[in-house]
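Q: I'm new to this one and would like a close look at a single part, followed by a walk outward from there. Could you keep it informal?

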Amino acid sequence: MPDMNTIVGSHDLLMITLDTLRYDVAKLEEENCPNLCGSGPWEKRHTPGSFTYAAHHAFFGGFMPTPANTDKASHVRLFHSRNTGLKTHPHTWLFDTPDIVSGFAAEGYRTICIGGVIFFTKKNPLAKVLPGYFQQSYWRMNFGVTNPKSTEHQVQHALKLLEQTAPDEKIFMFLNVSAIHGPNRYFVEGAKEDSVETQRAALRYVDEALGPLFEAMRKRSRPAYCLAFSDHGTAYGEDGYQGHRLAHDVVWTVPYREFLV
């Protein structure tokens, strides 16, 4: 585990949620994802929520997906609220605010959200809650699930924001990538419904589209630490289930990575 007390404050922070990505799909495509997996494999973890809204509340509270094992030594949290009365690891970064986003802001970070799925659209009060954690938040129609080039549009917007940010200013940038969420059938020519195969194709597209963002982060004045993971999976007919917001292993088991960009 990295010492987050040496990372928070000295590094830019990048959090990418690959909305609805299944763990089995991520593992099948490891060799085809050089940007997300170039420095190591996906880790198998369990998500704290079975759909986007629930999972992201947990993430912003400091509850990342937990290792899918019973080894307590591997269940050390990166972030933890201070003064809870619970014992914390020396490498865990403690925050005094209600959430890690405002906690990073209190450490001098500019906090930026680039939304993807419906819960980030700000089109109604409910869809304003998650973006409301951030100092700056953005959503466009072409960032959403119906656009087959959504990740490219999200990355281009992120690059513009980075160009407008002083090189020595600390940033916490969050992207909710929508392309892997259904509908993803348009990533396979002729496909009439979403499936494991269409999600695999969507992940390959996303990995390529994220390349320019990682390159831009490398050019900034400080190193960047990235957390990339899925918020939940989805069922494509397993045991008769379809979709998510339900208790099935393909929903609760997610891929997770953290790495220095």
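A: A quick definition before we go in: a residue counts as buried when its relative accessible area is under 20%, as exposed when it is over 50%, and as partly exposed in between. Asn83 shows how that works: its relative accessible area is 73%, so it is exposed. Keep in mind as you look around that this is a predicted model.

Now for the part to zoom in on: strand E6, which covers residues 110-114. Is E6 mostly covered or mostly open? Mostly covered, as 4 of its 5 residues are buried.

Who sits alongside it? On one hand there is strand E8 (residues 171-177), running parallel to E6 and joined to it by 5 bridges. You can pick out individual pairs here: Arg110 has Ile171 of E8 as its bridge partner, and Ile112 is matched with Met173 of E8. Strand E7 (residues 136-138) is parallel to E6 too, with 3 bridges between them. One pair to look for there is Cys113 with Ser137 of E7. As you trace these strands, remember that in a regular strand the side chains alternate between the two faces of the sheet.

Step back, and E6 turns out to belong to an open sheet of 8 strands with mixed pairing. Reading across, the order is E3-E2-E12-E9-E1-E8-E6-E7. E3 and E7 are the edge strands: each has a single partner strand, so one side of each has no neighbour in the sheet. Helix H6 (residues 150-163) packs on this sheet and touches E6, E7 and E8. Its direction makes about 170° with that of E8. Another helix, H7, lies across E8 as well, along with strand E1 (12-18), E9 and E12. H7 runs at about 170° to E1.

Follow H7 (196-218) off its end and you come to the loop before strand E9 (224-229), where Pro223 sits. Pro223 has 37% relative accessibility, so it counts as partly exposed. Beyond its neighbours within four places in sequence, Pro223 is in contact with Ser10, His11, Asp12 and Leu260. Pro223 and Ile7 are 216 residues apart in sequence, yet their C-alpha atoms are 9.2 Å apart in space.

E1 and E9 come up again when you look for enclosed space. How many cavities of 30 Å³ or more does the whole structure have? The search finds 1. The largest cavity has a volume of about 50 Å³, and its lining is made up of Met4, Leu13, Leu14, Met15, Phe79, Phe104, Phe172, Tyr225 and Leu227. By class, those lining residues are 9 nonpolar, no polar and no charged. E1 and E9 each give at least two residues to this lining, and E1 gives the most, with 3.

The largest pocket has another kind of lining. About 290 Å³ of space lies in it, with 18 residues around that space. Lying nearest its centre are Arg45, Ser74, His75, Val76 and Arg77. Two elements give two or more residues to the lining of the pocket, namely strand E3 (66-67) and strand E12 (253-260). The classes here come out as 11 nonpolar, 4 polar and 3 charged.

Last, a few backbone details in the loops. In the loop between E8 and H7 you'll find Pro183, joined to Gly182 by a cis peptide bond with omega about 0°. Asn83, our exposed example from the start, sits in the loop between strand E4 (79-81) and strand E5 (93-95). Its phi is near 60°, a positive value in a residue other than glycine. Asp239 also has a positive phi, about 55°, although it is not a glycine. You'll find Asp239 in the loop between strand E10 (235-236) and strand E11 (242-243). Is Asp239 buried or exposed? Its relative accessible area is 67%, so it counts as exposed.

How values were computed. Residues numbered from 1 in each chain as written. Predicted model: local features only at pLDDT ≥ 70, side-chain atom pairs only at ≥ 80, totals over all residues. Heavy atoms only, no water. 1 Å grid on protein atoms, 1.4 Å probe; cavity = no way out; pocket = protein on both sides within 12 Å on 5 of 7 lines; lining within 4 Å. Points joined across faces, edges and corners; volume = space filled by probe spheres on them. Nonpolar A, V, L, I, M, F, W, Y, C, P; charged D, E, K, R; others polar. Buried < 20%, exposed > 50% of the residue type's maximum accessible area, 1.4 Å probe, protein only. Contact = heavy atoms within 4.5 Å. Pairing = 2+ DSSP bridges. Axes fitted to C-alpha atoms, helices over the stretch in contact; angles between N-to-C directions.
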